[in-house]
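The exercises below concern strand pairing, a barrel and nonpolar cores. Each task is followed by a worked solution.

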Amino acid sequence: MKSPHRAWFGLCLLATLPAQTSQDERVELRVLSSSGVGTVAVDRGQADGLAVGDAVVLRPRAGGEYRGTIIRVDERTATVELLDRDVEPPAGTRGEALVPAGRRPRATRPAAEPVAPPPDRPTTTPERQPPQWQNRDEAWSADKPLLAQVRPVHPRDRRAQYGGRFFAYADLNHSNVEDLDNTILRTGSEAWLDNPFGRGGSLRFDGDFNYKTETDGATGLDLTVRELSYHEGGTRFEPTRWQVGRFLQADVPQLGLLDGVAWSHRRENGHRFGASLGFLPELDDDMQTGEDLQLAAFYRWVNDESETLSVTAAAQKTFHRGRSDRDLVLLDVRRLPVDGWDLRGSLWIDLYSGRDRDAGKGPGPEITHAFASAGRRFAGGGGLDLSYRRLRFPAQLRNAHAPVTAAEIGRDVYDRLALTGWTWPTEHQRAHGVLSGFVDEDTDGAALELGLDTMEVLLERGHLDVTVWGNAGRFGSSLGGRVTLGRTTDDGSWDVMYELANHHFDGFSANRDDLLQHRLYATRTFELGSGWHATAHAGAHFWDSDRAWSLGAYLQRSF
Amino acid sequence: MATRHRSRRSLPAALFTLVFLLFACVAPQTGTAELHRWWAGLGPVLPHETFPADCNLCHLGSDWQSLRQSFTFDHGKETGVALHGAHGQARCLRCHNDRGPVSVFQARGCVGCHEDTHFGKLGTDCSLCHGENTWQAAPARERHARTRFPLTGAHANVACHRCHPGALAGEFQPTDTECVTCHQQDLANTTNPPHVPLGWVSNCDRCHMTVRWPQAQLR
């Protein structure tokens, strides 16, 4: 100690160290270089919460401790003045700084990260938050040490990858009532090949063969191709995206499946716009195409790059066999659950000209589909969802709603409001409920369902759910309850459900207006390893003197 | 004369050299990352800041793209976001890829990564019908009890696509609850009594329950 003043300061510093330990945070650091005159540079700085005056302890590999205090701070480095100016710790010497609690920059979530836990699981410990990202990739260059910062890997530097799944599915339904048997067998694949040309593109396929026998005796074998497309762009490297083939219009899925081409571009401010051209395949078993040509365009506004708030407007014009058909405007608003609130609203607005095909539908705009929801997730694992839906059948030449008659297209309207909630009264109990009401062209009604799912009861890793429900519906009212017992096993899970319900039909004589209905259902899943997954289910259904049963199996191999 | 000749030959060589140098200066370097054009402020595809400094714990070779066979990563422990079902088996790049920071897409829910094959008409909570092990929706006819048309009798044992024709393509458009919407053929085939000649072509529920056709009775 060459200065009595400094020695006194050092003693005070040493005296305060134990007291600081209980309140301060330790920031690990290393010596970058030593000046040889009692100061060293360390690899932590202002960004790590260090400030002038903070105490530092260095622990050389040879043993012992060197103490000092910070006399200068830069963003990423700091200068430490050692109490013993004669020592010269080598570069790499480990140590730590004591930073007062609260000063060190706290990790904060990116703006778009939801703070709510999954709705169906309790939160028993505070959720960890990812560290705040401070490096920017623009600062990276090839001459910098690799681990100084992480750079994005360009597609041309990556290998192509493939993956997907094969599946086979069978569902057999038999009833002794008028031979209402029906069967469906499906086998297909969903596969993707990413980055096949080193340009970040993706080739995708999703389709299956399905064989059906229907209740009316009809049988059919169909090939259903939901996707066969190739796309490029839409990434952080390439803001322009294009896609060709059969695909779901990714930017605005409300526009539907398309056989054609779509193009979109993301602007620097995150806004996105695009257009598409092609045919709309029919949404039935074989998905034939070629009759309905569509042109569509959209623009999406976002509040910032986190896209926590977005507003999308789209327009779609269709032609059926060359004749002008549907004029559709779409509006979509989405607010991501950055603070526990999840808001969503979509409108499908059909514009009618009042021509013959629009009989009963215009002229003018009509909301044919509306969906709005507001969801709130709570820290304890509970949540509430309020949703509203309006449906009307649009008048169009396209064969999109086969069972619906022209009269029903003209008059049908359905509004439904539903409140769904769940909470965890205890660590092992989840209470859930749904309250809903509807109004349609003929009547109105409501439904209520309340249940309690208890974990770790009766069986280890088991759960028991008891639910009661009531319904005032289109043709009468119902009251029922169901019990579900399930368990998670080492190789999967199983569930067994029994439901008993009494259905009361309006307008019938007292001795025939009630129907007691029993339903049994069991399912078993197997995780077989190596990507194999299997599920089997069986159900039985009894009412009056009638009965029905169903059997099903699902097998999947992921690759 | 000889000097002039050398000048003529050296001019193209000098131009070539100049062009080469210019190209070498401005051409993109193989393996060098391009700048992020957007989302740069939200971080890299796979943040490594909290990872151990010993790269060999995970990486193999020199291309930084190959991982050791023994590589494991406890996503729940390391990030606070546990992966369930098939998500626990997925490759890192399926989520952490060129689209941008995964947190942006995670905030959108399932549709952040999975296409909304129901055309945006069924809301955002896929877990009502789908699990995380497979994308196959579990049969759940009992959920119909929440609608205006609880499934009774024979209706409770019919495949979904019989009433919702687009079901196999993801389109679950509600069907009109008027009986003839689905039972037009049954109406046409009824001869005892002959419904159509009698004008009994609608409001079947005046005589029939939604259980089975034979259970007709007068009010």
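**Exercise 1: A hairpin and its neighbour**

E20(A) and E21(A) form a hairpin with two residues between them. Strands here are DSSP runs of E with at least two residues, helices are runs of H or I with at least four, and both are numbered from the N terminus. The model is predicted: local features require pLDDT of at least 70 and side-chain atom pairs pLDDT 80 or more, whereas totals for chains, interfaces and linings use all residues. Residues are numbered from 1 along each chain as its sequence is written, and chains are lettered from A and ligands numbered from 1 in the order in which they are written.

Task: Determine how many bridges join E20(A) to E21(A), and which residues stand opposite A:Leu419.

Solution.
1. Strands pair if DSSP finds at least two bridges between them.
2. E20 (residues 414-426) and E21 (residues 429-440) of chain A run antiparallel and are joined by 11 bridges.
3. On another side of the pairing, E19 (residues 383-391) of chain A is antiparallel to E20(A), with nine bridges.
4. A:Leu419 is the bridge partner of A:Leu386 and also stands opposite A:Leu435 in E21(A).

**Exercise 2: The barrel and its core**

Task: State in what order six strands of chain A close into a barrel, and which elements give two or more residues to the largest nonpolar core.

Solution.
1. The order is E1-E2-E5-E4-E3-E6, with antiparallel pairing.
2. From one strand to the next, the twist averages 40° (axes are lines fitted to C-alpha atoms, for helices over the stretch in contact; angles run from 0 to 180 degrees between N-to-C directions).
3. Within this order, E3 (residues 55-59) and E4 (residues 66-73) of chain A share four bridges, and A:Val57 is paired with A:Arg67 in E4(A).
4. A nonpolar core is a set of buried Ala, Val, Leu, Ile, Met, Phe, Trp, Tyr and Cys residues joined through C-beta atoms within 7 Å; buried means 20 or more other C-beta atoms within 10 Å of the residue's own, with C-beta atoms placed from the backbone.
5. The largest core has 15 residues, and those touching the most other members include A:Val42, A:Ile70 and A:Val80.
6. Strands E1, E2, E3, E4, E5 and E6 of chain A each give two or more residues to this core.
7. A second, separate core of 12 residues includes A:Ile184, A:Phe508, B:Ala154 and B:Val211.
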